[in-house]
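Student: Got a minute to go through this one with me? Let's have it on screen.

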Amino acid sequence: MRSKVSIIGAGMTGATTAHWLAQLEIADIVLIDVVEGLAQGKALDLQQAMPVLGKDVKIQGGTDYALTANSDVIVITAGLPRKPGMSRDDLLMANAEIVRQAAINTLQYSPQAIYIILTNPLDVMTYLTWKVTGLPAARVFGQAGILDSTRMATFVAEELGVSVENVHCYVLGGHGDEMVPLVHISNVAGVPLDHMIPADKLAAIVERTRKGGGEIVSLLKMGSAFYAPGVAVAKMVEAVLRDKHLIAPLSAYLQGEYGLSGIYFGVPAQIGRNGVEKILEYPLTENEQAALRKSAANVAENIAKLNL
Ligand code: APR
């Protein structure tokens, strides 16, 4: 039987995730949105692109959650995006209610699904989904680290004039301006970044990575990034459906790893068909550990605001 992925929220990130995913031809796709006609229209358009690519993927859209029945993976992107001047945390209360509904409505039709969350504030929305679904933590995780890391890799490849294929970047922590780009574990063809790039330029890359989402929000003025977030989610869905045991930075539930517990937080984790298989602990410097603790405190504070 073919795999099925349902994406809740057919806006910029949801539709773009479907677009990247359809090209992989690994699952049929359902788009759900609260706006009448939106998901249906986008699904129809995407469906009509498939003959050009020669991909046999069934793509449906609508407002009715019954369409999502028996999904292998549920992706939640529903919610408000940032406007210029807003932080991801400013979206907390509005998006919490939307994500809560999306989680409950999908769970009744797909109790076996793996959940991948994209709505911001990411770590908090992932925690909320885990709480309201009551699923094992391994089956609920959030996309942020692949996005933050690919942004950093873009800047590093540009700076050094090397192929993006040679650049491996790792960004941990909460998906906010206090995220922690790791400059000695990130590397170019095996050589740590701090051996390749002068300190001042590296500091500028770290700063631009942290503010990478905001840079795009201020350029777009009417929404936030969607191409890179969408492809990052598609990569995670592929890792699950193909049972790849892929190690990638993502928002996972912590139970003592990195000295942190009881929060969802960006860490390197291995994912496959059953979700999160293990969390890796990188050897971090004192400064990195302190930066992670600061970022974690921010996530914990926002989780507490939801009174779950
Ligand atoms: N159920 C289903 N869909 C909903 C609901 C709901 N209760 N509420 C809102 N939506 C839909 C909107 O109708 C819209 O089509 O979610 C979609 C969000 O799409 P966009 O406004 O284009 O926002 P997008 O850029 O996709 O970002 C969504 O992902 O990356 C994060 O920060 C971003 O939190 C934001 C989320």
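Tutor: Start with Leu80. One of its backbone N or O atoms lies 3.0 Å from an oxygen atom of the ligand. Keep in mind that this is a predicted model.

Student: OK. Which backbone polar atom is 2.8 Å from a ligand oxygen, I mean from which residue?

Tutor: Met12. A polar atom of its backbone sits 2.8 Å from an oxygen atom of the ligand.

Student: And what does the side chain of Gln101 do there?

Tutor: An N or O atom in the Gln101 side chain is 3.4 Å from a nitrogen atom of the ligand.

Student: How much of the ligand's accessible area does the protein cover?

Tutor: 86%. On its own, the ligand has 720 Å² of accessible area.

Student: Which pocket is the ligand in?

Tutor: The largest pocket. That is the space the ligand takes.

Student: Which elements give two or more residues to the shell?

Tutor: Helix 1, residues 12-24, and helix 4, residues 92-107. Helix 4 gives the most, with three residues.

Student: How many residues surround the ligand, and which come nearest?

Tutor: There are 20 around the ligand. Met12, Thr13, Asp33, Leu80 and Asn120 come nearest.

Student: How do they split into nonpolar, polar and charged?

Tutor: Nine nonpolar, ten polar and one charged.

Student: Switching topic. How do strands 13 and 14 pair, parallel or antiparallel?

Tutor: Antiparallel, over four bridges. Strand 13 covers residues 261-272 and strand 14 covers residues 275-279.

Student: What joins strand 13 to strand 14?

Tutor: A hairpin, through two residues.

Student: Which residue in strand 14 does Gly272 stand opposite?

Tutor: Gly275.

Student: Now the three-strand sheet. What's the strand order, and is the sheet open or closed?

Tutor: Open, in the order 7-10-11, with antiparallel pairing. Strand 7 (167-168) and strand 11 (191-192) stand at the edges. Each has a single partner strand, so one side of each is left without a neighbour in the sheet.

Student: How many bridges hold strand 10 and strand 11 in their pairing?

Tutor: Two. Strand 10 is residues 187-188, and the pairing with strand 11 is antiparallel.

Student: Which residue is the bridge partner of Asn187 in strand 11?

Tutor: Pro192.

Student: Quick recap of the ligand contacts, please?

Tutor: Backbone atoms of Met12 and Leu80 are close to ligand oxygens at 2.8 Å and 3.0 Å. The Gln101 side chain is 3.4 Å from a ligand nitrogen.

Methods. Residues numbered from 1 in each chain as written. Predicted model: local features only at pLDDT ≥ 70, side-chain atom pairs only at ≥ 80, totals over all residues. Heavy atoms only, no water. Near = heavy atom within 4 Å. Polar contact = N/O pair within 3.5 Å; in protein donor to acceptor, adjacent residues only side chain to side chain. Areas by Shrake-Rupley, 256 points an atom, 1.4 Å probe, with all protein chains shown as cover. 1 Å grid on protein atoms, 1.4 Å probe; cavity = no way out; pocket = protein on both sides within 12 Å on 5 of 7 lines; lining within 4 Å. Sits in = over half its atoms within 2 Å of the grid points. Nonpolar A, V, L, I, M, F, W, Y, C, P; charged D, E, K, R; others polar. Pairing = 2+ DSSP bridges.
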